[in-house]
Amino acid sequence: MITLPEFYEYDIVALSILIAVTGSYVTLTMNERIVHSIIRGRTNIWLITAALSMGLTIWTLHFVSMMAFSIPIQYNISLTIISMIPAILAAYAAFYILYKTSRRWWTFSAASITISFGSVLMHYIGMMSIIIDSDIIYNPFYRFLAISTAIAASYAAIRFFYYFTQKRDVRLKIIASLLMGTAISGMHYIGMYSADFYVPEGFVIPEQNQSSSDMLVVLILLPAIMIFLFITILSFLDRRTAMQLAYTDDLTNLPNRRSLERFVHARTTPLNLPIAVVIIDIDNFKWINETYGYESGNELIIEFASRLKKAITENSIAARIEGNKFAVAIPGTFSHQEIRTLLTKQFNSYLKLFHAFGEPTPITFSAGVALAPEHGSNCNILILNAERALRHVKNNGKNEIVVYNSNFHNQDMERHIAMSFRSALENGEFYLCYQPKFNLHTGKIDSAEVLVRWESPVHGFVSPSKFIPIAEKNGFIFDLTNWILNEACRQMKMWQRDHHLIERIAVNISAPMFLSDRLIEIVKHTLQTYNLNARHLELEITETSIMQQFDNALKVIDALKKEGVSISLDDFGTGVSSLTYLKMLPIHILKIDKSFIDDVHTSYEDKALVKMIIQLAKLFGLTIIAEGVEKEEQLNVLKELGCDFIQGYFISRPERAEILDARYEQKEYRS
Ligand code: C2E
Ligand code: CA
Ligand code: CA
């Protein structure tokens with residue numbers, strides 16, 4: 001027996017390694033698809049294709065490398081084909097372990113042992129398929145080396161594979177494919193090296209049969225190429241459907257919100273082209289859903305979507321952005337009137353009568369429109385403003401198409417603030433400040449106005465001129481004033497006990513509160529709670545609240561007066577009150593508005609006006625307070641005109657009670 005001399009044709013060896021690397025690269029691409037599809041729950045198809053591609057790579061490598069072998073070989077075709085199976089199955093098992101179980105070091109080990117085992121099995125079945133009149137003897141050391149190389153290299157390659165699918169870097173992908181390709185080739189060639197072909201002496205190496213070896217090339221390469229091609233096409237299609245899924249709405253097949261955003265963004269952000277964004281909402285959809293059931297609701301949405309698609313012009317896009325909300329984006333410049341007319345025309349013929357429930361169902365819808373660049377030059381702002389316009393329609397009777405206007409933004413803001421009130425009160429975000437009133441006759445501070453403050457963690461510091469009108473509108477003013485009255489009376493009681501110089505506090509009362517019959521009860525109850533004499537409490541009301549319901553106001557003032565509470569008329573001069581009314585009002589104090597005081601020391605007219613007000617008030621026996629005094633010159637003029645009290649930054653800003661206490665303990669007040 002002699003050993004056949006073995007050598008390789010190196011160009012074919014190189015080709016085999018190239019095949020191994022390319023195959024690994026394709027497999028890696030499949031692995032990416034697996035990771036992708038895990039997210040969407042469609043893993044199996046990608047597990048199978050990845051296994052096919054890996055198994056075939058190992059298999060092709062084996063037979064191509066055999067061609068590089070010095071000895072011309074003939075094969076048993078069935079065994080050749082059967083040898084494919086362990087490689088593919090092992091690859092499937094390895095990827096299954098890798099992607100369907102939790103990843104630890106042992107999952108990586110199990111996967112690499114599995115794939116190595118499959119490759120080794122494939123290798124030996126491949127060797128068995130050789131038709132040769134010789135004994136193949138394996139060198140145990142090299143055989144062991146081949147198997148360990150297989151396991152170690154696949155472990156490294158699999159870890160790297162996995163690492164790549166996490167990182168998604170093309171360079172890593174190439175390195176991983178190189179590694180995997182070399183691992184498979186290395187394992188194979190060491191395996192081949194461990195085999196020795198023993199033939200009887202005088203053995204004649206058969207002539208290479210050209211046609212049969214060509215057959216083999218075709219047999220091996222053609223299916224391999226076809227399968228790689230198939231896998232690549234599949235992967236491409238899957239990517240496309242994934243893209244499509246990401247940009248279309250499942251239920252209606254319309255483009256989805258992301259698609260709309262892409263459409264608008266492409267026109268607005270780089271190019272600043274004009275576009276109209278319309279958000280449409282089916283009115284009372286919740287009711288439809290509840291009455292007819294979700295199925296019918298969905299049918300209606302589908303029907304609406306298909307009609308909306310017909311209603312729009314060619315270069316526009318119609319999308320479903322959520323639930324029963326749709327959007328249309330129409331490139332072009334429009335005036336407010338033009339867009340409304342256009343939409344009314346487009347929608348009216350398509351979006352009126354529906355037969356979604358077997359019977360004719362009149363459906364109405366609301367739409368909000370934002371125009372670029374007028375209402376925003378980026379996609380997010382346009383959609384936001386169109387939504388604001390839509391909300392405005394929804395809150396004002398629905399069934400209309402409205403173009404955005406900046407007031408809507410304020411309305412949003414107001415709603416937001418109004419929604420925060422309750423929790424603000426519960427969380428102690430409100431507190432009180434007291435602004436001293438200075439008595440010009442005694443030269444002493446003897447009373448103070450109570451001014452509420454709101455430090456919101458959400459909105460920051462909100463001025464009372466902003467939130468009081470909102471609280472008045474939404475009814476929160478009742479609870480708020482109740483809290484203010486309580487807090488102020490509690491403070492006043494403490495001051496009274498301490499013989500503080502502030503002997504009276506003035507609480508501002510808003511019109512709705514003043515005109516409600518609850519005020520007297522609340523005031524009485526609060527005074528009782530703190531055991532406070534009514535002479536320590538003053539209520540400031542504005543002219544406008546009195547003029548709204550004069551007779552009612554008269555009654556309330558009378559009742560309060562009977563209780564012993566003083567009433568002052570705030571902001572005097574800014575309203576429309578006539579002096580005749582003033583005469584009829586049983587009030588005690590008149591507060592001249594800051595706007596008259598601002599120039600009282602420089603403007604002759606203002607000084608004359610203030611002088612007249614003071615004289616008139618004196619005639620009616622009223623006490624006069626001037627508010628908003630900021631300068632000494634103003635104080636001097638007011639003193640000269642016979643004003644009784646002044647209030648303003650010149651004396652003190654509104655401060656927390658503790659600060660006033662500290663200040664007056666140090667006798668830091670003016671006289
Ligand atoms: P108002 O009742 O006319 O209160 C006077 C406002 O003028 C206060 O503003 C006060 O801080 C400010 N002020 C006082 N002296 C000066 C000055 O010398 N210069 C200037 N520039 N301003 C001065 P504030 O506290 O921001 O309150 C604004 C309005 O909010 C109040 O006008 C009142 O209508 C309302 N408000 C404040 N607190 C309450 C409250 O507790 N209840 C009710 N219903 N309304 C309140
Ligand atoms: Ca006031
Ligand atoms: Ca005032």
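This passage describes the internal cavities and a calcium site of a predicted model.

Three enclosed spaces were the starting point of the analysis: the count came to 3 cavities of 30 Å³ or more. The largest cavity has a volume of about 90 Å³. Its lining is formed by Ile 58, Ile 115, Ser 116, Ser 119, Ala 150, Ala 153, Ser 154, Met 180, Ala 183, Ile 184 and Met 187. Two or more residues of this lining are contributed by each of helix 5 (105-128), helix 6 (140-167) and helix 7 (170-193). Helix 7 supplies the largest share, 4 residues. In chemical character, the lining of the largest cavity comprises 8 nonpolar and 3 polar residues, with no charged residue.

The second largest cavity has a volume of about 70 Å³. Ser 119, Val 120, His 123, Tyr 124, Ala 146, Ile 147, Met 187, His 188 and Gly 191 make up its lining. Helix 5, helix 6 and helix 7 are again the elements that give two or more residues to the lining, here that of the second largest cavity. In this case helix 5 gives the most, with 4 residues. The lining of the second largest cavity divides into 5 nonpolar and 4 polar residues, and no charged residue is present. Ser 119 and Met 187 appear in the linings of both the largest and the second largest cavity.

Attention then turned to the metal site. The calcium ion (ligand 2) is coordinated at 2.2 to 2.3 Å by Glu 449 (OE), Asn 508 (OD1), Glu 540 (OE) and Asp 570 (OD). Along the chain, the donors of this ion follow the spacing E-x58-N-x31-E-x29-D. A distance of 4.0 Å separates the calcium ion (ligand 2) from the calcium ion (ligand 3), and Asp 570 coordinates both ions. Among the donors of ligand 2, Glu 449 and Asn 508 link distant parts of the chain: Glu 449 lies in strand 14 (residues 444-456) and Asn 508 in strand 16 (residues 504-508), 59 residues apart.

These two donors were also examined for solvent accessibility. Glu 449 has a relative accessible area of 5% and is therefore classed as buried, the cut-off for that class being under 20%. Asn 508, with a relative accessible area of 27%, is partly exposed, because this class covers values between the 20% limit for buried residues and the 50% limit for exposed ones.

Note on methods. Residues numbered from 1 in each chain as written. Chains lettered and ligands numbered in written order. Predicted model: local features only at pLDDT ≥ 70, side-chain atom pairs only at ≥ 80, totals over all residues. Heavy atoms only, no water. 1 Å grid on protein atoms, 1.4 Å probe; cavity = no way out; pocket = protein on both sides within 12 Å on 5 of 7 lines; lining within 4 Å. Points joined across faces, edges and corners; volume = space filled by probe spheres on them. Nonpolar A, V, L, I, M, F, W, Y, C, P; charged D, E, K, R; others polar. Donors = N, O, S within 2.8 Å, 3.2 Å for Na, K, Ca; no water. Buried < 20%, exposed > 50% of the residue type's maximum accessible area, 1.4 Å probe, protein only.
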